[in-house]
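Opening the notebook on a new model today. I want to look at a loop residue, then the cavity, then the cores.

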Amino acid sequence: MSSATQRLADMPRNRGSGLPSGITSVCSAHPLVIEAALLHAKGRNADVLIEATCNQVNQDGGYTGMTPADFRAFVEKIAAAVGFPLDRLILGGDHLGPNPWKHLSSGEAMRKAGAMIDAFAAAGFTKLHLDTSMACADDPVALPDETIASRAAELAAISEARIRQSKTQAPSYIIGTEVPVPGGAFEALDHLHVTTPGDARATVALHRTAFSRLGLNEAFERSIGIVVQPGVEFGNADVVAYVRDAARDLVATLDEMPQFVFEAHSTDYQSGEALRDLVSDGFAILKVGPWLTFALREALYGLNAIAEILVPDAVSEAVPVAMERIMLSSPEHWLKYYPGDAREQYVQRHYSFSDRIRYYWSVPAAQKAVDELMAALEGVTIPRPLISQHLGHLEPLVADGSVAPQACALLLASVTRVLDIYADAIDSAS
């Protein structure tokens, strides 16, 4: 077991010893986000946890076109380029279950899910979130909790068999499925239902029984996290902040379950104070994704505006113009998520907190527009007044000399700024 994987597995024990520990879960397949995360962790001499979801990466390629083995090679290639030590890298698989194939019968979907978790285990991913909560074509709309736990245990059995055969590292499992809608909520938000203590206890008890039934007691002992809803979420233009009092009863259940910490999804756009409180309360795994690509998009659009001033006519198509054209021609990733009239949808396509524009950066035409922009600004020292005007959140970092006034440095710094908020919150938790 790598030292980073061991430190992840030790988080519940640390909490029990009065030493709260936490880690940011970077949920993105964008190469610049991953580069920023690795450079950030290298600079802080810290571990980094990078996760891929079942729709993003699977044995069929997912929407990135990558299998788990491909994703590992992709991340490790970036790690080698920036000099990040692999013994500080943890790879995770998120929402591993039948979700990509839920239109199929439960038997067929679970067979596909089994092949997927086998591929994740074979590729050496050491944090696996088992999520079988979704109904398949022949299931009732709301699956019984016992069925969810039973199916999760079936996937764990496949993972364990692959580990024994391949002699790969034994993973830590994450159980529980009470999570926000992936990518943010559709509607305006004002409050959320926090997981009840009874539901948290039931999740553990049902999974323990289901694992035991399949002779997986040792595997269950490696379950370290429960996914719960702490009362945080974001929508297209709304963020629901963490309120400690609302989660107090839920947090108290961790004292009864020393094996576990909580995993919090959709922590994007929370304040540093809220993130610190989450970690202090036992939400040790803080998942973030759209905020990182939102920060990347902010920087790209700011740099595009700067390029139009400093190097006019240097690119064939402005980045925002290219992205609008691409998203309109392939609306499947945003249309049902962005309500309203044409103007409202335009604003959401480009500026929504849910950041569904992130699905389009890998399109060749988008890559071409970004590459042309970065080539046009290569070697250009950008005046601070333009940085203040178009990348105002980064101007203080340029002013104090911590970030160079150049395009690539500013792009990475925009993502790093978000990662710093998480790291500082974790470091200050008590």
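**Entry: a loop aspartate, a cavity and two cores**

I started with Asp281, which sits in the loop connecting helix H10 (272-280) to strand E10 (283-288). This is a predicted model, so I'm reading everything here as computed.

Is Asp281 buried or exposed? I looked up its relative accessible area and got 9%, so Asp281 counts as buried, the cut-off being under 20%. Next I pulled its contacts, skipping residues up to four places away in sequence: Asp281 touches Arg15, Tyr242, Arg244, Val251 and Leu254.

Arg15 turned up again when I went through the cavity list, as one of the residues lining the largest cavity. How many cavities of 30 Å³ or more does the structure hold? I found one. The largest cavity has about 40 Å³ of space. Besides Arg15, I noted Met11, Pro20, Ser21, Val261, Val279, Gly282 and Ala284 in its lining. Sorted by class, that lining comes out as five nonpolar residues, two polar and one charged.

Then the cores. The largest nonpolar core has 122 residues, and the members touching the most others are Leu38, Ile50, Phe71, Phe283, Leu303, Met323 and Leu410. I picked Met323 for a closer look. With neighbours within four places in sequence set aside, I get Tyr301, His350, Ile357, Tyr360, Trp361 and Ala366 as its contacts.

There is also a second core, separate, with 12 residues, including Met11, Ile174, Ile224 and Val261. I recognised two names there: Met11 and Val261 also line the largest cavity.

Conventions. Residues numbered from 1 in each chain as written. Predicted model: local features only at pLDDT ≥ 70, side-chain atom pairs only at ≥ 80, totals over all residues. Heavy atoms only, no water. Core = buried A, V, L, I, M, F, W, Y, C linked by side-chain atoms within 4.5 Å. Buried < 20%, exposed > 50% of the residue type's maximum accessible area, 1.4 Å probe, protein only. Contact = heavy atoms within 4.5 Å. 1 Å grid on protein atoms, 1.4 Å probe; cavity = no way out; pocket = protein on both sides within 12 Å on 5 of 7 lines; lining within 4 Å. Points joined across faces, edges and corners; volume = space filled by probe spheres on them. Nonpolar A, V, L, I, M, F, W, Y, C, P; charged D, E, K, R; others polar. Helix = DSSP H or I, 4+ residues; strand = E, 2+ residues; numbered from the N terminus.
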